[in-house]
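Trainee: Could you take me through the charged side chains here and what surrounds them? I would like one connected account, please.

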Amino acid sequence: PRRPVALGDRLQCVWAEDGQLHPVVTLRSRPSTTGTGLDWYIHWTEFNKRLDGWVPESKLVRQRDERR
């Protein structure tokens with residue numbers, strides 16, 4: 001079963017500019033603007049914090065080698 005996303009999780013997310021997965025860390029959550037699940041405010045660890053923003057939980061991907 002898939003473990004729910006939590007505050008401080010290190011995950012990956014597709015960056016719209018290049019369509020590639022990049023590492024992110026979750027900073028806070030809110031009820032989804034679409035009405036299902038949560039949206040997460042993420043920090044792109046490879047990029048400047050000015051690019052941080054809200055993404056739907058469905059866009060977040062666990063890293064294969066995650067050991068928690």
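**Charged pairs and the rings beside them**

Mentor: Happy to, starting with arginine 3, which is partly exposed at 31% relative accessibility (buried is under 20%, exposed over 50%, partly exposed in between, with a 1.4 Å probe and protein chains only). Keep in mind that the model is predicted, so local features need pLDDT of at least 70 and side-chain atom pairs pLDDT 80 or more, while totals for chains, interfaces and linings use all residues. Numbering runs from 1 along each chain as its sequence is written, and side-chain values use heavy atoms, without hydrogens or water.

The partner of arginine 3 is aspartate 9, and their side chains form a salt bridge at 3.9 Å, N to O (a side-chain nitrogen of Lys or Arg within 4 Å of a carboxyl oxygen of Asp or Glu). Aspartate 9 itself is buried, with only 2% relative accessibility. Aspartate 9 also meets arginine 62 in a salt bridge, this time at 3.3 Å, N to O. Aspartate 9 sits in the segment before E1 and arginine 62 in the segment after E5, so this pair ties together parts that are 53 residues apart in sequence. Arginine 62 counts as partly exposed, at 22% relative accessibility.

A search of the whole structure finds three salt bridges, and the one still to describe joins arginine 30 to aspartate 39, whose closest N and O atoms are 3.7 Å apart. Here again the acid is buried: aspartate 39 has a relative accessible area of 4%, while arginine 30 is partly exposed at 31%. Through shared partners, Arg3, Asp9 and Arg62 belong to one salt-bridge network.

Arginine 30 has a second role to notice: it lies over the face of tryptophan 54, 4.0 Å from the ring centre (NZ of Lys or CZ of Arg within 6 Å of the ring centre and within 35 degrees of the ring normal). In a similar arrangement, the charged end of arginine 28 sits over the ring of tyrosine 41, 4.3 Å from its centre.

What about those two rings? The structure holds three aromatic pairs (ring centres of Phe, Tyr or Trp, its six-membered ring, within 6.5 Å; planes under 30 degrees apart are stacked, over 60 edge-to-face, the rest tilted). Tyrosine 41 and tryptophan 54 make one of them, edge-to-face, with 5.3 Å between centres and 65° between the planes. Tyrosine 41 belongs to strand E3 and tryptophan 54 to strand E4 (residues 53-56), so the pair links parts 13 residues apart in sequence (strands are DSSP runs of at least two residues, numbered from the N terminus). Tyrosine 41 is buried at 18% relative accessible area, whereas tryptophan 54 is partly exposed at 31%. Another edge-to-face pair joins tryptophan 44 and phenylalanine 47, at 6.5 Å centre to centre with 65° between the planes.

The backbone brings aspartate 39 back into the picture, since its bridge partner in E4 is proline 56. Four bridges join E3 to E4, and these strands run antiparallel. They belong to an open sheet of five strands, paired antiparallel in the order E4-E3-E2-E1-E5 (two strands pair if DSSP finds at least two bridges between them). E4 and strand E5 (60-61) are the edge strands, each with a single partner, so one side of each has no neighbour in the sheet. Tryptophan 54, with arginine 30 over its face, therefore lies in the edge strand E4.
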